[in-house]
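Subject: Structure handover

Hello,

Here is the structure for your work. My notes on it follow below.

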Amino acid sequence: MRAVNGGHAQRYPLALRLLHWLLALLLVLQVALGFMAEYAATPEYSAALLPLHFRLGMLILCLTLLRLALRLWLPVPGADDATPWSGRIRTGVHGLLYALALLLPVSGHVIWVWMGADRTLFAGVQVPALFVPPADESGRALAWYVHVYGAWALSALAGLHVAAAVSRHCRQGDGFITRRMGLARLPGWPVDGGSARRHDAGAAPQVEE
């Protein structure tokens, strides 16, 4: 296992940066699809959007699990919050974003199974049902409320996350977003963000175990 001094890491590993921007794009598309299907002008239009919404949700679930696993495994930059409370808020928002990105596909899957809808993703691959819906539909109603209000909560938290990052980027003037989450190579830093550190005499050496 490779360890990197977190104090010298300037940006997240490339895999995490790619997943960050891909998931951001997919989540925007997914929330838009969900609201379009929910408030569609005709039932036929809603029925055409829902299968795409389901398949995209399963993709987001898999990518979020992958990103979470990589986030726990790969070295990442240390926190640079100005105050302890701002660090706690940032950690809480990130945790809630991960939780909602997992909860929404799971609740959507519950609704989809309860509807008895086609769970085929591609090439005959099906998402397992995992449970048999009981006659009482209170569970389906609960999943629906979790799904809809969770989507609103995710939208609000994502907006807060973006606003905080842009504010930090503009106030400090140190290229925070580009430095942490940009895809272009930083001068003097390796292409692979997983071991990002300065190539100078003051940089701490990597440790191989």
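In the protein chain, contacts (heavy atoms within 4.5 Å) with a separation of 6 or more come to 72% from residues 24 or more positions apart. This is a predicted model, in which local features need pLDDT of at least 70, side-chain atom pairs count only at pLDDT 80 or more, and totals for chains, interfaces and linings use all residues. Numbering starts from 1 along each chain as its sequence is written, and side-chain values use heavy atoms, with hydrogens and water left out.

Confidence

pLDDT is the predictor's confidence in each residue, from 0 to 100. Its mean over the protein chain is 81, with 78% of the residues at 70 or more. By element, helix α2 (residues 43–73) has the highest mean, 94, and strand β4 (residues 207–208) the lowest, 34. Two stretches stay under 50: residues 1–7, for which the model has 20 contacts beyond four places in sequence, and residues 190–209, for which it has 51 such contacts.

Layout

The chain has five helices and four strands, in the order β-α-α-α-β-β-α-α-β from the N terminus. Helices (H or I, at least four residues) and strands (E, at least two) are DSSP runs, numbered from the N terminus. Of the 209 residues, 35% count as buried; buried means under 20% relative accessible area, exposed over 50%, and partly exposed in between (1.4 Å probe, protein chains only).

Cores

A nonpolar core is a set of buried Ala, Val, Leu, Ile, Met, Phe, Trp, Tyr and Cys residues joined through side-chain atoms within 4.5 Å. The largest one consists of nine residues: Leu-19, Leu-23, Leu-26, Leu-33, Ala-37, Leu-49, Leu-56, Ile-60 and Leu-63. Both α1 (14–38) and α2 supply at least two of them, and α1 gives the largest share, five residues. Within this core, Leu-23 is in contact with Ile-60 and Leu-63, and also with Thr-64 and Arg-67, leaving aside neighbours within four places in sequence. A second, separate core has seven residues, among them Val-31, Leu-97, Leu-100 and Leu-154.

Helix packing

Axes are lines fitted to C-alpha atoms, for helices over the stretch in contact, and angles run from 0 to 180 degrees between N-to-C directions. Angles under 35 degrees count as roughly parallel, over 145 as roughly antiparallel, 65 to 115 as roughly perpendicular, and the rest as oblique. A crossing is left-handed if the near helix is turned anticlockwise from the far one by less than a right angle, and right-handed if clockwise.

The axes of α3 (residues 84–115) and α4 (residues 138–172) come within 8 Å and cross at roughly 150°, so the two helices are roughly antiparallel. Their crossing is left-handed. Ser-107 lies in α3 and is buried at 5% relative accessibility. Beyond residues up to four places away in sequence, Ser-107 touches Ala-143, Val-146 and His-147.

For α1 and α4 the angle is about 135° and the axes are 11 Å apart, so this pair is oblique. This crossing is left-handed. The contact involves residues of α1 including Val-31 and Phe-35, and residues of α4 including Trp-144 and Leu-154.

A loop residue

Asp-118 sits in the loop between α3 and β2 (120–122) and is partly exposed, at 45% relative accessible area. Its C-alpha atom is separated by 7.9 Å from that of Pro-51, 67 residues apart along the chain. Leaving aside neighbours within four places in sequence, Asp-118 is in contact with Phe-54, Arg-55, Trp-112 and Gln-126.

Regards
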